[in-house]
Amino acid sequence: MDLKKIFLKDACPTSIGGQALLEGIVMRGPKKNAIAIRLPDGKIHMKVTERRKMGKWTKWPILRGVVSFVISLVDGTKDLMYSADIVEQYWDEADQQEPGKFEKWFEKTFGAKALWNFLVYVSVIISLAVSIGVFVLLPTAIIGWIDGIITSGFALNIIEGFFRLALFILYVWAIAGVKDIKTVYQYHGAEHKTIHCLEKNLELTPDNAQSFYTLHPRCGTSFLMFVMVIAILLFSCFGWPSLLWRILSRLALIPVVAGLSYELLKWAGRSDNVVVRILSMPGLWLQKITTAEPDKDQLEVAICALKAVLPDNEDPCFEGFCDLNGKEIPDESTN
């Protein structure tokens, strides 16, 4: 790992960030969000929307991290579900599934938008429940089996933390073998390469972007690693009480862990020193699993999404087909 290719000299950090989706990517700029999906026929389907205005909570440390985490989770789920709908619509038009009875009833009674919101929030709740259950509650319950052998509460918390970290890394590594997830990881790499290219003030082309690493110091993956590390330190402060109290304390501290991790990531994004590089290393190692080398087509998708959200882009929002510059194509037959 060549850190000089990750912490780029004379780079101008941007606030623009992204997220890999199914067969595409979403870029979030200061004013707009853009979802770009590559279709089987080579066309790029784009959805550009205005970014929601943030409230006063953005000025409050810790709290802004908690709210940002929740918003990112909801928005990320929405974008992922949207990409899945587009993929299903265009990649499998001959095999569309008929909506179920409950789905038909809910849409007829409350409307299509309400159904969509319902599915999003249910997905978020299920994702949170599974994540907390597997990566927070399960480790403390399992390590509790050895608290008769090891009596140090600090040691038990450290063992629990490393077990949680190992479980998470194993999960990320295991799903990397799934074909669709591998494609998502390639788009994750395309996102990072494109952001690197922008921050070095180079022309946004696939060739220029391809020359950069797939690893980026301000990736959300680093946030997850910060969460793991801070959770170990914070949970250790409360000793090793009974299983019930451990579960309750860990649930109560999740917002604090998220808030502190956000502040650490924000600070790391503004700095470039030895301390920051050391703190960033676990996240960079994890990115070696969650990113993969993209091809030219995937870089084109990332670039057109990025161009659509640049601060100086005054083009109106739209949903439809676009060219490689992220510009709307009114008539798809001209593409």
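This briefing walks through a helix, a cavity and some salt bridges in the structure above. The model is a predicted one, so please read every value below as computed from that prediction. A search of the whole structure finds 12 salt bridges, and three of them are described here along with helix α7 and the largest cavity.

**Helix α7**

- Start at residue 220 and follow the chain to residue 236: these 17 residues form helix α7.
- From its first C-alpha to its last, α7 reaches 25 Å, which is close to the 24 Å expected at 1.5 Å a residue.
- Is this helix mostly covered or mostly uncovered? It is mostly covered, as 12 of the 17 residues in α7 are buried.
- Among the buried residues of α7 are Phe223, Phe226 and Phe235, and also Met225 and Met228.
- Ile230, Ala231, Ile232 and Leu234 are on the buried list for α7 too, and so are Thr221, Ser222 and Ser236.

**The cavity**

- How many cavities of 30 Å³ or more does the structure hold? It holds one.
- The largest cavity contains about 30 Å³ of space.
- Its lining includes Lys32 and Val48, together with residues of higher number such as Ala308, Asn313 and Asp315.
- Pro316, Phe318 and Gly326 also line the largest cavity.
- By type, the lining of the largest cavity divides into four nonpolar residues, two polar ones and two charged ones.

**Arg28 and Asp79**

- Arg28 and Asp79 form a salt bridge, and their closest N and O atoms are 2.8 Å apart.
- This pair links distant parts of the chain: Arg28 belongs to strand β2 (residues 24-28) and Asp79 to helix α1 (residues 63-91), 51 residues apart.
- The side chains of Asp79 and Arg28 are also joined by a polar contact of 2.8 Å.
- Are the two partners buried or exposed? Arg28 has a relative accessible area of 15%, so it counts as buried, and Asp79 is buried as well, with a value of 13%.
- The cut-off behind both labels is that buried means under 20% relative accessible area.

**Arg38, Asp297 and Glu300**

- A second salt bridge is made by the side chains of Arg38 and Asp297, at 4.0 Å from N to O.
- Arg38 sits in strand β3 (residues 32-38) and Asp297 in helix α10 (residues 296-308), so this pair links distant parts of the chain, 259 residues apart.
- Arg38 is buried, with a relative accessible area of 11%, whereas Asp297 is partly exposed at 42%.
- Which residues are linked in a network of salt bridges? They are Arg38, Asp297 and Glu300.

**Arg52 and Asp75**

- Arg52 forms a salt bridge with Asp75, and the closest N and O atoms of this pair are 2.8 Å apart.
- Arg52 lies in the loop between β4 (44-50) and α1, while Asp75 lies in helix α1, so the salt bridge ties together parts that are 23 residues apart in sequence.
- Arg52 is partly exposed, with a relative accessible area of 42%.
- Its partner Asp75 is buried, with a relative accessible area of 17%.
- Helix α1 is a good place to look in the viewer, as Asp75 and Asp79 are both found there.

Note on methods
Residues are numbered from 1 along each chain as its sequence is written. This is a predicted model: local features need pLDDT of at least 70, side-chain atom pairs count only at pLDDT 80 or more; totals for chains, interfaces and linings use all residues. Side-chain values use heavy atoms; hydrogens and water are left out. Helices (H or I, at least four residues) and strands (E, at least two) are DSSP runs, numbered from the N terminus. The expected span of a helix is 1.5 Å times one less than its number of residues. Buried means under 20% relative accessible area, exposed over 50%, partly exposed in between (1.4 Å probe, protein chains only). On a 1 Å grid over the protein atoms alone, a cavity is a set of points where a 1.4 Å probe fits but cannot get out, and a pocket is an open set with protein on both sides within 12 Å along at least five of seven lines; lining residues have an atom within 4 Å of a point. Grid points are joined across faces, edges and corners, and a volume is the space filled by probe spheres set on the points. Ala, Val, Leu, Ile, Met, Phe, Trp, Tyr, Cys and Pro count as nonpolar, Asp, Glu, Lys and Arg as charged, and the others, Gly among them, as polar. A polar contact is a pair of N or O atoms within 3.5 Å; within protein, one must be able to donate a hydrogen and the other to accept it, and residues adjacent in sequence count only if both atoms are side-chain atoms.
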